Amino acid sequence: MSTPIPPDQADLMQPWALTVDRALTHAARWHGDRAVVSRLADGSLSRTNYAEIERRARRCSAALLAAGIGQGDRIATLAMNHANHVTAWFGIMGIGAVCHTVNPRLFDEQLVYIINHAADRWLMADVQFAPLVERLLPQCPTLERVVYFCGEADCPTTHPAVAFDTLLAAASGPVVWGDFDEHSPAALCYTSGTTGHPKGVLYTHRSQMLHTLIIQSRDAVALSAVDTVLSIVPMFHVNAWGIPFAAATSGARLVLPGARLDGASVYELIEQERVTVSAGVPSVWQLLLEYLAKHQLRLSAMRRVIIGGSACPESLIRGFQDDHGVDVIQAWGMTEMSPIGTMGAPTERIAAADAATRLRYTAKQGRVLFGVDLQITDDDGAVLAHDGHMPGHIQVKGPAVIRRYYGDDKDAVGADGFFDSGDIGTIDVDGYMEITDRAKDLIKSGGEWISSVEIENLAVGHPAVQLAAVIAIPHVRWRERPLLVIQLKEGKTASPKELLTFLEGKIARWWMPDAVVFVEHMPLGATGKLDKKTLRVQFAEFTAD
Ligand code: ADP
């Protein structure tokens, strides 16, 4: 006979809502003097610490509360990575308002669309974006107030606005953080737009905090109290992949690069602040490695770099590992996943393998982390084997994965609860996932898939190539064939024949691009990724003949 536990004995552990304010409260209390360093617009560095950020964030909350901002209200930020932006995040989210990080690299129409779609009440912006804010204001009727991250003297006066420092100085009164349901919304981020109309992903406190715990596992981002982390990835790009939260929970020193992401500035910051870990998209690292090679410089303190957002070419991995002794860990994910899904830390077998094998596996997108469920399926939805050969639709499930886009009335997941990433890839017997293409970016030649990503990764290994994109062009017989679009490095030359010869032997003969064309400037999307939509339009009439 079963002996059920009486209802009053069933839940004997403490209620402790997973709200994001806990990350900063913990940092202020237990790592209060750990530095947060910001590069300001004039290039100088400003220093604060977690204790000071918490004090100011509470003042920010007090100012919001005094103005009638409450739970669920959306506050937009239009800012680069710096301590005031972090302060605003916690000030907003701590009282249950929603921090909507807006990507300043989007086009005006997209910005107007997402600010109106989110119905943001306040906009907190960097002074450098004042002209942009001025253009947006008349088109965004829900915006009641503009706050600039600056002191009184630097606050723009061409439109009504208040300086962040002034706002905080005037704020007072007790502020209670948290104390609401962990399923409440905390942050809003619109997808980058490389794949269509921007769509809002509304993260909850719980999803953000679980994502933080997920990426803090040993084989993931794993920041510690002896680390100094440089968040190259912008805070408007999926909350800087969660790094500020992870830094606060672990007491890692946090370095924020502002707007300067050129090789010289990034190198100076890394060396001066003794950065041990960093994270960002491949294009920034490419610039850094070129700068280091040109000036024969070495990275002395950095141990690990997390590279994601786009496939990481082997040349980049080799550059970091061989020339600087920096471990590369690739991360794959997307806005809809908060964003991290897989990471490339080695298994025991791969860690013990020869250098060439380790390199090959580091170039894959990695293994799934605890807290994410991953599967690949064929076009009919049947789950495929992990054989490393058969590519399928990569689908994910988890507490930090989207269920429905903000404002939609239908779920974005299938009947089995999995969200389709739109990426195509394989999973091998060791559990490594490898992206072979994007569903929307597929080259299907004679009914078979060609991996544009793989050809691009190889092409950027050529010494004259800065950027490479492979897109499909129409073909009478095969329906689609690959076209290789190249942006050469400044001052370098290469002929189409030379580039195709470079690819020979590295890819199947039928994968060989039908033609190579050169562009002066590769179109890039708002997050610095290749904008293939524009390229496809540009070369819509192109025929290899
Ligand atoms: P993110 O902030 O991760 O770039 P987006 O939502 O803008 O998020 O884009 C997600 C898409 O970027 C993924 O679906 C995938 O196509 C691509 N992507 C992200 N990381 C990688 C990676 N490591 N390798 C290849 N593609 C990647």
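## Helix packing, a cavity and two backbone details

Trp241 sits in the loop between strand β10 (228-231) and helix α8; helices are DSSP runs of H or I with at least four residues, strands are runs of E with at least two, and both are numbered from the N terminus. The model is a predicted one, in which local features need pLDDT of at least 70 and side-chain atom pairs pLDDT 80 or more, while totals for chains, interfaces and linings use all residues. Residues are numbered from 1 along each chain as its sequence is written, and side-chain values use heavy atoms, without hydrogens and water.

Back to that loop: Trp241 is not a glycine, yet its phi is positive, at about 55°. A second backbone detail is the cis peptide bond between Ser338 and Pro339, with omega at about 5°. Pro339 belongs to the loop that runs between β14 (327-333) and β15 (340-343). For context, most residues other than glycine have a negative phi, and most peptide bonds are trans.

Now for the helix pairs, with axes fitted to C-alpha atoms over the stretch in contact and angles from 0 to 180 degrees between N-to-C directions.

| Helix pair | Axis angle | Axis distance |
|---|---|---|
| α1 (residues 21-30) and α8 (residues 243-250) | about 40° | 7 Å |
| α2 (residues 50-66) and α3 (residues 83-94) | roughly 55° | within 8 Å |

The angle between α1 and α8 is about 40°, and that makes α1 oblique to α8 (not under 35, over 145 or from 65 to 115 degrees). α1 crosses α8 in a left-handed sense, meaning that the near helix is turned anticlockwise from the far one by less than a right angle (clockwise for right-handed). On the α1 side, Ala23, Leu24, His26 and Ala27 make the contact, and on the α8 side Phe245, Ala248 and Thr249 do, contact being heavy atoms within 4.5 Å. By class, this contact has 5 nonpolar, 2 polar and no charged residues; Asp, Glu, Lys and Arg count as charged, and Gly counts as polar.

α2 and α3 are likewise oblique to each other, and their crossing is right-handed. From α2, Ile53, Arg56, Ala57, Cys60, Ser61 and Leu64 meet α3 residues that include Val86, Phe90 and Ile92. This contact divides into 9 nonpolar, 4 polar and 1 charged residues.

Finally, there is 1 cavity of 30 Å³ or more, a cavity being a set of points on a 1 Å grid where a 1.4 Å probe fits but cannot get out, lined by residues with an atom within 4 Å of a point. The volume of the largest cavity, about 40 Å³, is the space filled by probe spheres set on the points. Its lining includes His211, Met337, Ile340 and Pro399, and by class holds 7 nonpolar, 3 polar and no charged residues.

Notes. 1 Å grid on protein atoms, 1.4 Å probe; cavity = no way out; pocket = protein on both sides within 12 Å on 5 of 7 lines; lining within 4 Å.
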